[in-house]
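Please open the model in a viewer and keep the sequence at hand. The tour below proceeds by selections, from the whole chain to single side chains.

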Amino acid sequence: MELYTTWKALITAGDPVTAWQKFYVYFYQAFVEADRWKQYIEGVGRTLYVTALALILGVILGVLVAVVRTAHDQQRPGHRNPILGVLNLIFKVYVTVIRGTPMMVQLLIMGFVIFSSSKNFALVGALTLGINSGAYQAEIIRGGLMAVDAGQNEAGRSLGLTYVDTMRFIIIPQAVKAILPALGNEFIVLLKDTSLISVIGGKELLYAARAVVSRTYEAMFPFLGTAVIYLVLVMLFTWLLGIFERRMRASDLR
């Protein structure tokens, strides 16, 4: 603490200091002074919370949209269901609009237009991220469902299973193994995209770093520290996804 106070006074006065002294002062004030490291820990917790909420919503939307659109595309000629047609059109517009507009713009619209009266910025951010992720997951899941041989669906129906049961017990389990790497990549993107919710006031890891910068007037260490934390989180979840994929492949060999 004494070294920090002395060396910071030298820097403030404009006296010559070594690179190590600058590093020590800037690192200390970014992470140690006033227990600022706790702000980063809280930011990580909020980031994971927002990611989890957005992931759950994205999976629900993705599966729903993918199943409906797949059911519509796999209808036999002359046996078109008008309800499926309407739902397919709605979901197609949803996917096109969400994938065709920037995430930042979607956050600004949700935060300052649709939910302008809401003060729960983290929840608004999670909702926006979930809706955005759902559009991408829908296309990933739909691709996996369409890739499963059509004979699997016919076999399930010949056994007396309904369309929902056929999808649940036969088609989806096979599709999941094929699309897991792509879904894992979408989860990693979702985790990193949580940093965008700070533009609407959402408190997460980047918000914590910006708060430290506003107090210390030094941006390098807070932002570099944030980048390192994101990198560690991404590497950790990539490792866990790799383990999950290997276990699923091992189960196929049994």
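Begin with the whole protein chain: of its 254 residues, 37% are buried (buried means under 20% relative accessible area, exposed over 50%, and partly exposed in between, with a 1.4 Å probe and protein chains only). The model is a predicted one, in which local features need pLDDT of at least 70 and side-chain atom pairs count only at pLDDT 80 or more, while totals for chains, interfaces and linings use all residues. Residues are numbered from 1 along each chain as its sequence is written, and side-chain values use heavy atoms, with hydrogens and water left out.

**The whole chain**

Switch to a cartoon view. The protein chain has 10 helices and zero strands (helices, H or I of at least four residues, and strands, E of at least two, are DSSP runs numbered from the N terminus). Its radius of gyration is 24 Å, well over the 18 Å that the globule rule gives for 254 residues, so the protein chain is more spread out than a compact globule (the radius is taken over C-alpha atoms, and the rule is 2.2 Å times the number of residues to the power 0.38). Turn the C-alpha trace along its principal axes, where it spans about 85 × 50 × 25 Å.

Now display the surface. About 14500 Å² of the protein chain is exposed, and carbon and sulfur atoms supply 68% of this area (accessible areas come from the Shrake-Rupley method with a 1.4 Å probe; for residues, only the protein chains shown count as cover). Among contacts with a separation of 6 or more, 69% are between residues 24 or more positions apart (contact means heavy atoms within 4.5 Å).

**Aromatic rings around helix α2**

Select W20, F23, Y24, F27, Y28, F31, Y40 and F221, which form one aromatic cluster. Rings of Phe, Tyr and Trp (its six-membered ring) pair if their centres lie within 6.5 Å; planes under 30 degrees apart count as stacked, over 60 as edge-to-face and the rest as tilted. The count by this rule is nine aromatic pairs. Why is the pair of F23 and F27 stacked? The ring centres of F23 and F27 are 5.9 Å apart and the planes stand at 15°, so this pair counts as stacked.

Both residues belong to helix α2 (residues 19-32), where F23 and F27 are four residues apart, about one turn of the helix. F23 is partly exposed, at 39% relative accessible area, and F27 is also partly exposed, at 37%. F27 forms an edge-to-face pair with F221 as well, with 6.1 Å from centre to centre and 85° between the planes. This pair links distant parts of the chain, since F27 is in helix α2 and F221 in helix α10 (residues 220-252), 194 residues apart. F221 is buried, at 9% relative accessibility.

**The nonpolar cores**

Stay in this region and select A30, F31, Y40 and L205. Of the 14 residues in the largest nonpolar core, these touch the most other members (such a core is a set of buried Ala, Val, Leu, Ile, Met, Phe, Trp, Tyr and Cys residues joined through side-chain atoms within 4.5 Å). Two or more residues each come from α2, α3, α8 (163-193), α9 (205-216) and α10; the largest share, four residues, comes from α10. Centre the view on F31, which touches R36, W37, Y40, F221 and G225, not counting residues up to four places away in sequence. Another core, of 11 residues, lies apart from the largest one and includes M103, L107, A126 and L190.

**Salt bridges around E139**

Next, select E139. The structure holds seven salt bridges (a side-chain nitrogen of Lys or Arg within 4 Å of a carboxyl oxygen of Asp or Glu). E139 meets R69 in one of them, at 3.1 Å from N to O. This bridge links distant parts of the chain, with E139 in helix α6 (residues 121-147) and R69 in helix α3 (residues 37-73), 70 residues apart. R69 is buried, at 7% relative accessibility.

E139 also forms a salt bridge with R99, the closest N and O atoms being 3.8 Å apart. R99 lies in helix α4 (residues 82-100), so its pair with E139 in helix α6 ties together parts that are 40 residues apart in sequence. R99 is partly exposed, at 42%.

Which residue does E139 meet in a salt bridge at 3.3 Å, N to O? The partner is R142, three residues away in helix α6, or about one helical turn. R142 is buried, with a relative accessible area of 18%. To finish, select R69, D73, R99, E139 and R142 together: salt bridges that share partners join them into one network.
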